[in-house]
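Visitor: I'd like a close look at one part of this model. Please take the second largest pocket, and then follow the elements around it.

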Amino acid sequence: MDIENCWYKMKCQEKCSKNCIRYKLMYSLFKQSNLPESLWGYKGLVCNEEDFEAFKELGSISDSILDFINDGNNLYIFSENCGNGKTTWAIRLMYSYFDKIWHKSCFDCKALFVSVPKFLYNCKRSISQDVKGFEELCNKIGEVDLVIWDDIAEMKASDYEHQILFQYIDDRINAGKSNIYTSNKSREQLEDLLGARLTSRVYNYSKVIHFIEGDKRGVY
């Protein structure tokens with residue numbers, strides 16, 4: 001752990017120390033979350049007029065993230081456009097949750113970031129070969145408080161992929177556990193790609209946030 005280059009400095013107001021328990025617990029939460037380390041840094045977001053209401057709603061959810069997750073709520077963040085903050089906002093909400101529970105996390109895994117295309121690819125790979133860490137990831141999905149399903153419905157799901165996703169998501173919803181989905185698909189497109197049953201779980205059980213702005217990657 002490199003305390004001198006702490007990725008968490010932008011959010012933490014504590015004085016940096018090699019014995020910082022907050023750093024150690026936050027590091028554990030992020031390390032176990034399956035979020036790529038390149039995405040750990042807290043990224044700034046510029047809100048223009050088109051997405052003001054969406055940002056406002058997400059800010060409100062962030063402020064009350066404990067209630068959101070304790071109540072087993074779900075969120076579907078989508079836009080027809082790429083690169084306008086969907087994944088960044090999902091990660092921000094995970095940040096907010098970690099900020100609230102780090103002191104009582106006991107080095108346990110509390111949330112997961114799951115890239116859906118990669119997850120489905122590894123599901124198929126794992127049939128014929130050992131995929132490092134994949135079985136552990138699958139076991140945690142049903143246990144953690146929050147799962148971010150990033151880039152869901154990137155392409156049409158096969159029967160096998162549909163069944164895999166349906167089982168994990170349905171089990172979490174039935175257990176009252178929170179999910180955040182990000183996607184570039186509207187409800188109609190989602191149903192075409194995932195089918196009616198899974199779309200009902202993903203979309204109808206979620207608060208829907210629609211981003212309108214275009215791609216902002218590299219602009220700010």
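Visitor: Let's start with one residue: what is the relative accessibility of Asn34, and what does Asn34 count as?

Guide: Asn34 has 39% relative accessibility and counts as partly exposed. The bands are simple: buried is under 20% relative accessible area, exposed is over 50%, and partly exposed is in between (1.4 Å probe, protein chains only).

Some ground rules come next. This is a predicted model, in which local features need pLDDT of at least 70 and side-chain atom pairs count only at pLDDT 80 or more, while totals for chains, interfaces and linings use all residues. Residues are numbered from 1 along each chain as its sequence is written, and side-chain values use heavy atoms, without hydrogens and water.

Asn34 sits in the loop between H1 and helix H2 (52-63). Helices (H or I, at least four residues) and strands (E, at least two) are DSSP runs, numbered from the N terminus. The backbone of Asn34 deserves a look. Its phi is near 75°, a positive value in a residue other than glycine.

Now the pocket itself. The second largest pocket has a volume of about 410 Å³. Its lining has 18 residues, and Asn34 is one of those closest to the centre, along with Lys118, Lys132, Gly133 and Leu137. Several elements give two or more residues to this lining. They are helix H1 (21-32), strand S2 (111-115), helix H5 (116-128) and helix H6 (134-141). By class, the lining residues divide into eight nonpolar, five polar and five charged. Here Ala, Val, Leu, Ile, Met, Phe, Trp, Tyr, Cys and Pro count as nonpolar, Asp, Glu, Lys and Arg as charged, and the others, Gly among them, as polar. A pocket is an open set of points on a 1 Å grid over the protein atoms alone, where a 1.4 Å probe fits, with protein on both sides within 12 Å along at least five of seven lines; lining residues have an atom within 4 Å of a point. The volume is the space filled by probe spheres set on the points, which are joined across faces, edges and corners.

Take H1 next. Lys24 is found in helix H1. Lys24 counts as partly exposed, at 28% relative accessibility. Its C-alpha atom is separated by 39 Å from that of Leu190, 166 residues apart along the chain.

S2 leads into the sheet. The sheet is open, has five strands in the order S2-S3-S4-S1-S5, and is paired in parallel. Two strands pair if DSSP finds at least two bridges between them. S2 is an edge strand, as is strand S5 (207-210), and each pairs on one side only. Yet S2 is largely enclosed by the rest of the structure, because four of its five residues are buried.

The partner of S2 is strand S3 (residues 146-150), joined in the parallel sense over five bridges. Individual residues can be followed across. Phe113 stands opposite Ile148, Val114 opposite Trp149, and Ser115 has Asp150 as its bridge partner.

S3 is mostly covered, with five of its five residues buried. Leu146, Ile148 and Asp150 point one way, whereas Val147 and Trp149 point the other way. In a regular strand the side chains alternate between the two faces of the sheet.

After S3 comes another unusual phi. Ala153 lies in the loop between S3 and helix H7 (159-174). Its phi is positive, about 65°, although Ala153 is not a glycine. Most residues other than glycine have a negative phi. Ala153 is buried, with a relative accessible area of 3%, whereas Asn34 is partly exposed.

One strand further along is strand S4 (residues 178-183), which pairs with S3 in the parallel sense over four bridges. Leu146 of S3 has Ser178 as its bridge partner in S4. Ser178 also has a sequence-distant neighbour in space. The C-alpha atoms of Ile69 and Ser178 are 5.5 Å apart, and the two residues are 109 apart in sequence. Ile69 has its place in helix H3 (residues 65-70). Ile69 counts as buried, at 6% relative accessibility.

Finally, the cysteines. A disulfide is a pair of cysteine sulfur atoms within 2.5 Å. By this rule the count is zero. For Cys123, the nearest cysteine sulfur is that of Cys138, 5.4 Å away. Cys138 is likewise in no disulfide. Cys123 is buried at 4% relative accessibility, and Cys138 is buried at 14%.
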